[in-house]
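Subject: Handing over a structure, with notes

Dear colleague,

I am passing on the structure that we spoke about, together with some notes for someone who has not seen it before. Please have it open in front of you as you read.

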Amino acid sequence: ADKLLALAELAKIPAILVLNKEDNAPAGLIEQVKAVYEPIGYEVYTLSAQNGTGVEALRERLRGKICAFGGPSGVGKSSTINAIDSSVDLRTGEVSEKIGRGKHTTRYAQLLPFDEGYIADTPGFGNLLLEGLTSEMVLVSFREFADYEAGCRFCPCTHTHEPVCGVKDAVAAGRISASRYESYLTMLAEVKLLQEKEGRK
Ligand SMILES: Nc1nc2c(ncn2[C@@H]2O[C@H](COP(=O)(O)OP(=O)(O)OP(=O)(O)O)[C@@H](O)[C@H]2O)c(=O)[nH]1
Ligand SMILES: [Mg+2]
Ligand SMILES: [Zn+2]
């Protein structure tokens, strides 16, 4: 989710977080996710495409917009679109017991007319490729970091090995979520690896 949010941030595409399968959510998980994302300005919608809870609110939010659903295979993107729009009947697939993931039921992106707008269903990804991204781009795609950069001794600061760093301090103090910072480090490492590979070519 953080990767998708980061890519949306870079492309200046407004993104919202949609948590499906709330019928099946472990106690406290939804509140935990909201506590990470709402304070940094991401709207969080929860629903169950299966039971119909929360569907109306998401339908209202997407009315008249052009939007795309993204996320791993099996999270229920197609099921959610089916629930939002009674005029479509997209194919949905089981989550494999053996591998614990979806079976890549949706095979291609499809733009569907929806209430004076459009909704795109997309195939679930395994791992998003970060080709063409630089460390600087990863840095600016975590919107909450900017507030703490005044506390960094170096400019630019990668918020990794530098000795005095406002972002690392904020993570330590719990003002920046540890999971978001982890995602940042993961993306940074992936971009570095890609750049090294490209350099060798
Ligand atoms: N418990 C529960 N299961 C759901 C819900 N929504 C969808 N599912 C199930 O999750 C599985 C995957 O749903 P899909 O809609 O095919 O998922 P997807 O994200 O479109 O997957 P891909 O097309 O492979 O990317 C199906 O077995 C659905 O029945 C829900 O709200 N609750
Ligand atoms: Mg699908
Ligand atoms: Zn820093």
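The notes below go from the chain as a whole to its ligands and then to some local details.

Please keep in mind throughout that this is a predicted model. The protein chain contains 7 helices and 5 strands, and, read from the N terminus, its elements follow the order α-β-α-β-α-β-α-β-β-α-α-α. Along the principal axes, its C-alpha trace extends over about 55 × 40 × 40 Å. Of its 201 residues, 38% count as buried. If one takes the contacts between residues at least 6 apart in sequence, 60% of them join residues at least 24 apart.

Two helices from opposite ends of that order are a convenient place to begin. Helix α1, residues 2–10, has D2, K3, L5, A6 and A8 as its buried residues, and these pack against β1 (17–19), α2 (29–37) and α7 (178–200). Helix α7 in turn has 23 residues and reaches 33 Å from its first C-alpha to its last, which is close to the 33 Å expected at 1.5 Å a residue. Its buried residues are R180, Y181, S183, Y184, M187, L188, V191 and L194, and they pack against α1, α2, α5 (135–140) and α6 (166–172). In reading such lists it helps to recall that an α-helix has 3.6 residues a turn, so residues three or four places apart point the same way.

The next item is ligand 1, which has 22 residues around it, and among these D23, S73, K77, S79 and T106 come nearest. Some polar contacts to ligand 1 can be picked out individually. A polar side-chain atom of N20 lies 3.0 Å from a nitrogen atom of the ligand, while an N or O atom in the side chain of K21 is 3.1 Å from one of the ligand's oxygen atoms. The backbone also takes part, since a polar backbone atom of G76 is found 2.9 Å from an oxygen atom of ligand 1.

T106 appears again at the magnesium ion, ligand 2, whose protein donors are S78 (OG) and T106 (OG1), at 2.0 to 2.1 Å from the ion. This pair links distant parts of the chain, with S78 in helix α4 (residues 77–84) and T106 in the loop between α4 and β4 (110–114), 28 residues apart. Both S78 and T106 are buried.

The second metal to look at is the zinc ion, ligand 3, which is coordinated by C152 (SG), C157 (SG), H159 (ND1) and C165 (SG) at 2.1 to 2.4 Å. Along the chain these donors follow the spacing C-x4-C-x1-H-x5-C. What is the arrangement of the 4 donor atoms around the zinc ion? The angles that they subtend run from 103 to 118 degrees, and the arrangement is therefore tetrahedral. Of the coordinating residues, C157 and C165 are buried.

Some backbone details deserve a separate look. As background, most residues other than glycine have a negative phi, and most peptide bonds are trans. The peptide bond from C155 to P156, by contrast, is cis, with omega near 5 degrees, and P156 is placed in the loop between α5 and α6. K12, although not a glycine, has a positive phi of about 55 degrees; this residue comes just after α1, in the loop between α1 and β1. K12 counts as exposed because its relative accessibility is 73%, where exposed means over 50%. D115 is likewise not a glycine and has a positive phi of about 45 degrees, and its place is in the loop between β4 and β5 (117–121). With a relative accessibility of 35%, D115 counts as partly exposed.

Finally, there is L111, which lies in strand β4. Is L111 buried or exposed? Its relative accessibility is 52%, so L111 counts as exposed. Leaving out residues up to four places away in sequence, L111 touches Y118, I119 and A120. The C-alpha atoms of L111 and E94, which are 17 residues apart along the chain, are separated by 23 Å.

With best wishes

How values were computed
Residues are numbered from 1 along each chain as its sequence is written. Chains are lettered from A and ligands numbered from 1 in the order in which they are written. This is a predicted model: local features need pLDDT of at least 70, side-chain atom pairs count only at pLDDT 80 or more; totals for chains, interfaces and linings use all residues. Side-chain values use heavy atoms; hydrogens and water are left out. Buried means under 20% relative accessible area, exposed over 50%, partly exposed in between (1.4 Å probe, protein chains only). Helices (H or I, at least four residues) and strands (E, at least two) are DSSP runs, numbered from the N terminus. Contact means heavy atoms within 4.5 Å. Donors are N, O and S atoms within 2.8 Å of the metal (3.2 Å for Na, K and Ca); water is not among the atoms, so sites may look incomplete. Four donors count as tetrahedral if all angles lie between 85 and 135 degrees; four count as square planar and six as octahedral if opposite donors are over 155 degrees apart and all others between 65 and 115; anything else is irregular. The expected span of a helix is 1.5 Å times one less than its number of residues. A residue is near a molecule or strand if one of its heavy atoms lies within 4 Å of it. A polar contact is a pair of N or O atoms within 3.5 Å; within protein, one must be able to donate a hydrogen and the other to accept it, and residues adjacent in sequence count only if both atoms are side-chain atoms.
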